[in-house]
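Colleague: I am new to this protein and would like to go through it with you step by step. Could we put it on the screen before we start?

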Amino acid sequence: MMVAHADYHDLEPSLLVLLDAVKALVCAEDLEWVRQFLDHGEYGVALQELVDVILDETLRERRRISVSIYESILELAAKMEMESEDLR
């Protein structure tokens with residue numbers, strides 16, 4: 001998860017937009033859990049935890065995420081040089 005220091009400034013706003021986009025899918029407690037990682041600059045962990053939360057909630061509620069949310073997740077993972085397997 002090596003990201004150049006200058007790129008960190010781009011990650012946090014994108015992750016916050018993603019958090020806002022999924023707030024209807026996950027509970028506030030889970031969003032706060034993910035936000036704590038963001039607050040400490042742990043962007044890769046935040047994305048991994050968010051994906052876990054989304055998967056748990058969507059499977060439990062039998063809902064689907066939108067294509068735009070999915071693409072946002074993949075885009076952020078690519079920026080952080082994470083493999084899709086890292087998000088499971």
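**Helices, faces and a pocket**

Modeller: Let us begin with one side of a helix: on the face of H4 that is turned away from its buried side, the exposed residues are Val67 and Ala78. Please keep in mind throughout that this is a predicted model.

Colleague: Which residues of H4 are buried, and on how many faces of the helix do they lie?

Modeller: The buried residues of H4 are Ile69, Ile73, Leu76 and Ala77. Looking down the axis of H4, one finds these buried residues within an arc of 100 degrees, so the number of faces they line is one.

Colleague: What distance separates the end C-alpha atoms of H4, and what span should its 13 residues have?

Modeller: The expected value rests on 1.5 Å a residue, which for the 13 residues of H4 should give a span of 18 Å. The distance between the end C-alpha atoms agrees with that expectation, because it too comes to 18 Å.

Colleague: Which residue just after H4 takes a positive phi, and of about how many degrees?

Modeller: The residue to look at comes just after the end of H4, where the chain has a positive phi at Glu81. The angle at Glu81 is about 55 degrees.

Colleague: Turning to H2, which of its residues are buried and which are exposed?

Modeller: Leu31, Val34, Phe37 and Leu38 are the buried residues of H2. They cover an arc of only 115 degrees around the axis, which puts them on the same side of H2. On the other side of H2, the exposed residues are Ala28, Glu29 and Asp39.

Colleague: Where is a positive phi found just after H2?

Modeller: H2 itself covers residues 28-39 and reaches 16 Å from its first C-alpha to its last, close to the 16 Å expected. Just after this helix, a positive phi of about 75 degrees is taken by Gly41.

Colleague: How many salt bridges are there, and which one joins two residues of H4?

Modeller: A salt bridge is counted where a side-chain nitrogen of Lys or Arg lies within 4 Å of a carboxyl oxygen of Asp or Glu, and by this rule there are two. One of them joins the side chains of Asp20 and Lys23, at 2.9 Å from N to O. Within helix H4, two residues that are four apart, about one turn of the helix, meet in a salt bridge at 3.6 Å from N to O, and they are Lys79 and Glu75.

Colleague: Are Lys79 and Glu75 buried, exposed or partly exposed, and what values decide this?

Modeller: Buried means under 20% relative accessible area and exposed over 50%, with partly exposed in between. Lys79 has a value of 38% and Glu75 has 48%, so by that definition each of them counts as partly exposed.

Colleague: How much space lies in the largest pocket, and which helix gives the most to its lining?

Modeller: The space in the largest pocket is about 290 Å³, and of the 13 residues lining this pocket the closest to its centre are Val51, Leu55, Tyr70, Ile73 and Leu87. By class, the lining has eight nonpolar, two polar and three charged residues. Helices H3 and H4 each supply at least two residues of the lining, and the helix that gives the most, with four residues, is H3.

Colleague: To finish, how many helices and strands does the protein have, and what percentage of its residues count as buried?

Modeller: The protein has four helices and zero strands, and along the sequence its pattern reads α-α-α-α. Of its 88 residues, the share that count as buried is 33%.

Note on methods. Residues numbered from 1 in each chain as written. Predicted model: local features only at pLDDT ≥ 70, side-chain atom pairs only at ≥ 80, totals over all residues. Heavy atoms only, no water. 1 Å grid on protein atoms, 1.4 Å probe; cavity = no way out; pocket = protein on both sides within 12 Å on 5 of 7 lines; lining within 4 Å. Points joined across faces, edges and corners; volume = space filled by probe spheres on them. Nonpolar A, V, L, I, M, F, W, Y, C, P; charged D, E, K, R; others polar. Expected span 1.5 Å × (residues − 1). Buried < 20%, exposed > 50% of the residue type's maximum accessible area, 1.4 Å probe, protein only. Arc of directions from axis to C-beta.
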